[in-house]
Amino acid sequence: MNILKSWRTYRILLGILTTLFSFYVCKNDSEFTSVQDRFPGRAWAEPINVQKSLPGLNGLTAKDCGSCHEDHYKDWKISAHANAFTDLQFQAELSKPNSPQWLCLNCHIPLSGQRKEIATHLKDGNVFQPVLVPNKKFDPAWEKEGISCGTCHLKSDPQGNTVLIGPTGAKAPHPVEKNREALHTRCNDCHNQDYILNLSLVCYFKTGDEYKKSIHFPKEDCVSCHMPSINRRVVLPSFQMGKKNSHRHTFIGGGVPKTFALFDAQWKGYQSGLKIGEPRWVFSEKEGVRLSLTLENTLAGHSVPTGDPERHLMMEAILQDKDGKEISKEIQKIGQNWEWYPEAKLVSDNRIRSGEKRNIDWVLKTKLVSEPKFGILRILHVRLTKENAEHMKKNSNFASSEIGKKIKNIELYYPFANIFYESKIDLITGKISLTSKDKLLEISKRGDL
C-alpha cells in the first residue's frame, strides 16, 4: 500500500511539474517570433532546406555537380559567387561584435547543409537574439563553397522535398524539373533588397529595381549579360551527348575579383557598361585646363556602379609637366553617399542610370611656374576604400586567427579596385593614346589603388 501511495504521489507531482513547465514554455513562446513571421516573403529569411543528396547523385555540393558538369564547375570556380563566404570584406563584417551573422549568412551560404547552426526564432523579434539550433547536416566543405550550384538549382517543395531545377528539364541520370523562370528570377532574392534592420544597419541592393527601369527591360535580363550563352558540352564526353547552347557560370560583374589570383580569369569576360567618349582637353590662360567628356550607360541593365552602396567610380584627371611631374590633380566620384551614424540614410546618388548620357566637365588649375605638357584621365571601379580597410583592420581581432591575420594585411590579399580606363594626351600636339586592356590588368593586379 505504501508503495502504491508513493507511486500515486509521484504521478501527481509529475503532472503538476508538467503543467507548470508547459505553462512556462507557452508563456515564453510568446516572446519568440519565427524568422518567417519576422521577415514574411523574404527569400533570405532562412536557408534553403535541402537534403544531402538526391537519387542518381553522390551529393549536392558544387564539387559533386562538377563530376559530370565539368565546364560549368570550372566557370563557377573563378566566380565571385564561389568566394562569397571566404571574401575577406564579408568575413570582416561577419566578425564585428554587432553583426547578425545568421542573417548575413543566409545570402552568402544559403543552403541548409552549409550551416553549422540555423536560426529558427528570434527573441522579441530581435535579429541580434536568434535561437540557434545545431545542424546535423552541416558539411564544412560545402560551407566554403559560398554561393554554389544548389543556390539556384535547388529548392524545397511544399512537402519539404528537395527539387533540382534546370532551364530545360532535360533527361538526366537524376530527377530534374524544368523551371526557367525560377532560375532567371533567383538573382533578385539577394540582389534586390532594401531592408532596415536597425538605425545603423541596412541591406540596400536595388539592382533588380534598376533593371526594371533600364533600356534593356524586358528584352534581356541578368542572365543575358552575366551568364552569356555559348555552344559547348553540358556534360562529360562519356555521356555521348552533343554540344548545345549553355550559359556561362562565371557571373562576371564589376571586374574587381575577391582575390588577386582571380584577376586574370575574370578580366577576360569583363566589360564596362559605359561608353566613354574621347576626352577633350582645352588650355585657357585664365582658367587653366578644361577637361570635358561624355559617359553613356549603354550596356548595363542597371546603374553604374550597382550593388553594394560603397562601390563607386573614381575619376582622376591629372596634369603633368614635360618631365612627367604632377602639376595638378582633380577627382570626381560617381556613386552613392551614405551617412551611417547615428542613423543610416542615403544622402546622395549620382550613379549613371541605364541609358543615361552624362557630360562631365571640370577645370584643372595650373601653376605659373610649370607649363602642363600631358593630361591623364583614369577611371577606377572602387569596391573598398583605404579608409574602410583601416576600419576593418580594427575589428580583425574578433575574427579567427587565420582570417584575422589576412584582414590585418588585407591590401596583400584583397583587390580594392581596378582601373578600366586610362588615356593620355600630349597637350601640345593633341595626340591621345589609350592604355591597353592588358596594361590596365597589369596595373590593377599590382594593388595599391
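Two strands pair if DSSP finds at least two bridges between them. Keep that rule in mind while reading this predicted model.

Start with strands S1 and S2. Strand S2 covers residues 117-123, and 3 bridges join S1 to S2. These two strands run antiparallel. One facing pair is easy to find: serine 34 stands opposite histidine 121 in S2. In general, strands of a sheet pair through backbone hydrogen bonds, either parallel or antiparallel.

Now widen the view. S1 and S2 belong to an open sheet of 3 strands, in the order S1-S2-S3. The pairing in this sheet is antiparallel. Which strands stand at the edges? They are S1 (32-34) and S3 (130-134). Each has a single partner strand, so one side of each is left without a neighbour in the sheet. From one strand to the next, the twist averages 40 degrees.

Another open sheet also has 3 strands, in the order S4-S5-S6. Here the pairing is mixed. The edge strands are S4 (154-156) and S6 (177-178), and each pairs on one side only. Follow S4 to its partner, strand S5 (residues 162-166). There are 3 bridges between S4 and S5, and the two run antiparallel. Leucine 154 faces leucine 164, which is in S5.

Next, look at the open space. The second largest pocket holds about 940 Å³. Its lining has 36 residues. Closest to the pocket's centre are Phe85, Gln91, Leu94, Leu105 and Glu143. Which elements each supply at least two residues of this lining? They include helix H5 (88-94) and helix H6 (101-108). Strand S3 and helix H15 (401-408) do so too. Strand S3 therefore appears twice in this tour, as an edge strand of its sheet and as a supplier of the pocket lining. By type, the lining residues of the second largest pocket divide into 17 nonpolar, 10 polar and 9 charged.

A cavity is a separate feature to look for. The structure holds 1 cavity of 30 Å³ or more. The volume of the largest cavity is about 40 Å³. Which residues line the largest cavity? Among them are Ala43, Trp44, Glu46, Pro47 and Ile48. The lining also includes Asn106, Cys107, Pro110, Arg186 and Cys190. These residues divide into 7 nonpolar, 1 polar and 2 charged.

Two cysteines have just appeared in that lining, Cys107 and Cys190. How many disulfides are there? A disulfide needs a pair of cysteine sulfur atoms within 2.5 Å. By this rule the count is 0. Take cysteine 152 as a test case. The nearest cysteine sulfur belongs to cysteine 187 and is 6.4 Å away, so cysteine 152 is in no disulfide. Cysteine 187 has cysteine 222 as the source of its nearest cysteine sulfur, at 4.2 Å. Cysteine 187 is in no disulfide either.

Are these residues buried or exposed? Each falls in between. Cysteine 152 is partly exposed, with a relative accessible area of 23%. For cysteine 187, also partly exposed, the value is 26%.

End with one more cysteine. Where is cysteine 65 found? It sits in helix H3 (residues 62-66). Cysteine 65 is partly exposed too, with a relative accessible area of 25%. Now find serine 148. Along the chain, cysteine 65 and serine 148 are 83 residues apart. In space, their C-alpha atoms are separated by 9.7 Å.

Note on methods:
Residues numbered from 1 in each chain as written. Predicted model: local features only at pLDDT ≥ 70, side-chain atom pairs only at ≥ 80, totals over all residues. Heavy atoms only, no water. Helix = DSSP H or I, 4+ residues; strand = E, 2+ residues; numbered from the N terminus. Axes fitted to C-alpha atoms, helices over the stretch in contact; angles between N-to-C directions. 1 Å grid on protein atoms, 1.4 Å probe; cavity = no way out; pocket = protein on both sides within 12 Å on 5 of 7 lines; lining within 4 Å. Points joined across faces, edges and corners; volume = space filled by probe spheres on them. Nonpolar A, V, L, I, M, F, W, Y, C, P; charged D, E, K, R; others polar. Buried < 20%, exposed > 50% of the residue type's maximum accessible area, 1.4 Å probe, protein only.
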